Amino acid sequence: MRIMQKISAKQMGHYSQPITIAAFGDSVTQGCFELYLTEDDAVQTVFDPASAYCTKLHTLLSTLYSDVPVQILNAGLSGDCAPCALKRLERDVLSVRPDLTIVAFGLNDVCREDETLEQYLRALDEIFSRLRAAGTEIVFMTPNMMNTHLSERLRDPAIRRIATDTMTVQTNGELGRYLEAAKELCADRNVRVCDCYAKWMRLAENGVDTTALLSNAINHPAREMHWLFANALLEELLR
């Protein structure tokens with residue numbers, strides 16, 4: 001990728017501009033983990049962006065290219081979906097003129113009753129188009145699996161209802177259908193794909209309880225699992 005050519009050139013002292021990567025996504029990108037109930041019984045999440053894959057990718061790049069100033073903008077927003085994210089694309093991503101933008105949507109899109117697969121794909125297509133017009137490279141990153149069963153850790157009825165909905169779209173193949181359609185769009189638009197969902201599926205196929213790898217037992221990967229995203233992104237950048 002061109003961004004790696006820039007990083008390599010700067011490592012050798014031939015490129016003067018800083019490198020900027022934008023991570024444009026939902027709660028996983030933002031760094032959301034466990035869920036809890038507030039005093040008024042509202043469901044809230046633990047925010048820990050320092051443990052998100054964006055930070056871990058920065059650690060990897062800083063280790064490999066210690067002389068290169070790489071900045072990673074965390075443009076994740078809890079609860080966001082592709083159509084909603086399109087409305088904030090200019091403000092949160094294009095305004096910083098990133099060299100590379102990681103686009104990561106799908107988990108919320110598949111769960112929204114007011115959003116169809118066609119709307120999801122149209123929004124992604126417009127995001128890709130605007131990013132490309134702005135001159136940033138693009139990687140579409142597929143998400144983690146959601147829960148495949150109801151964990152015993154989930155005791156509150158409100159949280160169990162959320163987990164029931166996510167379990168349904170995971171086990172009936174709806175999430176997989178959304179992501180396959182997104183990957184087909186990426187192939188048509190020549191957008192590179194970092195397929196982390198496939199890696200999670202391989203874990204499940206090899207007997208791993210992937211629900212146990214979710215910090216909230218619903219849809220937020222545990223902190224350690226964010227290394228999977230960071231390593232997969234690094235592999236894609238180096239490919």
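# A tour of strands and packed helices

Begin with helix 4 and helix 5, which cross in a left-handed sense (left-handed if the near helix is turned anticlockwise from the far one by less than a right angle, right-handed if clockwise). The model is a predicted one, in which local features need pLDDT of at least 70 and side-chain atom pairs count only at pLDDT 80 or more, while totals for chains, interfaces and linings use all residues. Residues are numbered from 1 along each chain as its sequence is written, and side-chain values use heavy atoms, with hydrogens and water left out.

**Helix 4 against helix 5**

Select residues 82-92 for helix 4 and residues 117-133 for helix 5; the axes lie 8 Å apart, at an angle of about 25°. Helices here are DSSP runs of H or I with at least four residues, strands are runs of E with at least two, and both are numbered from the N terminus. Axes are lines fitted to C-alpha atoms, for helices over the stretch in contact, and angles run from 0 to 180 degrees between N-to-C directions. Helix 4 is therefore roughly parallel to helix 5 (under 35 degrees is roughly parallel, over 145 roughly antiparallel, 65 to 115 roughly perpendicular and the rest oblique).

Next, display the side chains of A82, P83, L86 and L89 in helix 4, together with Q119, Y120, A123, L124, E126, I127, R130 and L131 in helix 5, which make the contact (heavy atoms within 4.5 Å). Coloured by class, this contact shows nine nonpolar residues, one polar and two charged. In this scheme Ala, Val, Leu, Ile, Met, Phe, Trp, Tyr, Cys and Pro count as nonpolar, Asp, Glu, Lys and Arg as charged, and the others, Gly among them, as polar.

**Helix 5 against helix 7**

Keep helix 5 and add residues 174-189, helix 7; the two axes come within 10 Å and cross at roughly 35°. The crossing of helix 5 and helix 7 is right-handed. From helix 5, select L117, Y120, L121, L124, D125, F128 and R132; they meet R177, Y178, L179, A181, A182, L185, C186 and R189 of helix 7. The contact of helix 5 with helix 7 comprises eleven nonpolar and four charged residues, with no polar ones.

**The open sheet**

Now select the open sheet of five strands, whose order is 4-1-5-6-7 and whose pairing is parallel (strands pair if DSSP finds at least two bridges between them). Strand 4 (70-76) and strand 7 (192-194) are the edges, each pairing on one side only. From one strand to the next, the twist averages 25°.

Focus on residues 19-25, strand 1, which runs parallel to strand 4 and is joined to that strand by seven bridges. At I19, the residue opposite in strand 4 is V70. Then select I72, also in strand 4. I72 touches I21, C54, L57 and H58, leaving aside residues up to four places away in sequence. A distance monitor from I72 to R130 gives 20 Å, C-alpha to C-alpha, for a separation of 58 residues in sequence.

**The hairpin and a salt bridge**

Strand 2 and strand 3 (residues 43-47) are the next selection: they run antiparallel, joined by four bridges. C32 has F47 of strand 3 as its bridge partner, and L37 is partnered by V43 in strand 3. Five residues lie between the strands of this hairpin, where D41 takes a positive phi near 65°.

From strand 2, select E34, whose side chain meets that of R223 in a salt bridge (2.8 Å, N to O). This pair connects distant parts of the chain, 189 residues apart: E34 is in strand 2 (residues 32-37) and R223 in the loop between helix 8 and helix 9. The structure holds 15 salt bridges (a side-chain nitrogen of Lys or Arg within 4 Å of a carboxyl oxygen of Asp or Glu).

**Helix 8 against helix 9**

Finish with residues 196-205, helix 8, and residues 226-238, helix 9, whose axes come within 10 Å and cross at roughly 125°. The two helices, helix 8 and helix 9, are therefore oblique to each other, and their crossing is right-handed. Show C196, K199, W200 and L203 of helix 8 with L228, F229, A232 and E235 of helix 9 to see the contact. Six nonpolar and two charged residues, and no polar ones, make up the contact of helix 8 with helix 9.
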